[in-house]
Amino acid sequence: MEGMAQHPVPRTVEEVFSDYKGRRAGLIKALTTDVEKFYQLCDPEKENLCLYGFPNETWEVNLPVEEVPPELPEPALGINFARDGMQEKDWLSLVAVHSDSWLLAVAFYFGARFGFGKNDWKRLFQMINDLPTVFELATGTAKQSKDQLTAHNNGSNSKYKSSGKSRQFEFQTKGVKMFAPVKEEVDSGEEEEDDDEQGATCGACGDNYGTDEFWICCDMCEKWFHGKCVKITPAKAEHIKQYKCPGCSIKKPRIG
């Protein structure tokens, strides 16, 4: 993979921060100035793809590394699968959030590897925290004040914002039906789509459907479940081709 062997392994706080800034700059390019190229490279028909940022401020979409465990923490796997099942801006913001998480994981990996002390950790985090996140820059919220950003986040979650016709944003990933939480009002005179989830109850706990929770549907029995009840997160669900609930998973075929 390009960019790895060209740079020395960072060992000090300043070197780790420089590595972080370089990788961050590469990811920002992929999600802003190079976004059309990035979008085309993330073909859902290809295998699991990852977005890598390198210390020399370049980026690359590629398959995950083969060695186990990897030399460095790996970015989110399979970002291409959800591309066509979401609005482009929502998909890009989701990739941006995962990119921020990966950047922190790499930086903290170096810190742990080379024995950073309490003051080193504090200094590194402060330096990182002074920069806008990839998500803020990719979604255009970086220039907003703290109060405005808080109000924006409380008003709508950009990862799951719907097209406006429904309180839910339903997206299909390799045949798996999911409903993600959304905080968006619907006009009183507007007919809601996806009536099948209205009045639904969780097949595990029996509670009624709520717009503030993540749900997933079993492809076998077509019952809906809270993600928390069946231990499935939105990120994990993106990589499931066909979801079977716990009940359907243990059912045995009849003989005779």
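This report walks through the salt bridges, aromatic contacts and enclosed space in the structure above. Keep in mind that this is a predicted model.

**Salt bridges**

Let's start with the charges. Side chains of opposite charge can pair when their charged atoms come close. Here the count comes to 3 salt bridges, and the table lists them.

| Pair | Closest N to O distance |
|---|---|
| Arg123 and Glu14 | 2.6 Å |
| Asp19 and Arg23 | 2.6 Å |
| Asp84 and Arg83 | 2.9 Å |

Take Arg123 and Glu14 to begin with. Arg123 belongs to helix 4 (residues 118-129) and Glu14 to helix 1 (residues 13-31), so their bridge ties together parts that sit 109 residues apart in sequence. Arg123 is partly exposed, at a relative accessible area of 38%, and Glu14 is partly exposed too, at 43%.

Asp19 and Arg23 are a more local affair: both lie in helix 1, 4 residues apart, which is about one turn of the helix. What is the setting of these two, buried or exposed? Both Asp19 and Arg23 are buried.

In the bridge between Asp84 and Arg83, the partners have unlike surroundings. Asp84 counts as exposed because its relative accessibility is 52%, and the cut-off for that label is over 50%. Arg83 has a relative accessibility of 10% and counts as buried.

**Aromatic rings**

Arg83 turns up again here, with its charged end sitting over the ring of Tyr39, 4.4 Å from the ring's centre. Tyr39 itself is part of an aromatic cluster together with Phe38, Trp59 and Trp91.

In total, the structure holds 8 aromatic pairs. One of them brings together Tyr52 and Trp102: the ring centres are 6.3 Å apart and the planes stand at 90 degrees, so this pair is edge-to-face. It links distant parts of the chain, with Tyr52 in strand 1 (residues 50-53) and Trp102 in helix 3 (residues 88-113), 50 residues apart. Tyr52 and Trp102 are both buried.

**A cavity inside**

How many cavities of 30 Å³ or more does the structure hold? There is 1, and its volume is about 40 Å³. Its lining is made up of Leu51, Pro75, Ala76, Ile79, Val95, His98 and Ser99. Helix 3 gives the most to this lining, with 3 residues. By type, the lining residues split into 5 nonpolar and 2 polar, with no charged ones.

Key. Residues numbered from 1 in each chain as written. Predicted model: local features only at pLDDT ≥ 70, side-chain atom pairs only at ≥ 80, totals over all residues. Heavy atoms only, no water. Phe/Tyr/Trp six-rings, centres within 6.5 Å; stacked < 30°, edge-to-face > 60°. Helix = DSSP H or I, 4+ residues; strand = E, 2+ residues; numbered from the N terminus. Buried < 20%, exposed > 50% of the residue type's maximum accessible area, 1.4 Å probe, protein only. Lys NZ or Arg CZ within 6 Å of the ring centre and 35° of its normal. 1 Å grid on protein atoms, 1.4 Å probe; cavity = no way out; pocket = protein on both sides within 12 Å on 5 of 7 lines; lining within 4 Å. Points joined across faces, edges and corners; volume = space filled by probe spheres on them. Nonpolar A, V, L, I, M, F, W, Y, C, P; charged D, E, K, R; others polar. Salt bridge = Lys/Arg side-chain N within 4 Å of Asp/Glu carboxyl O.
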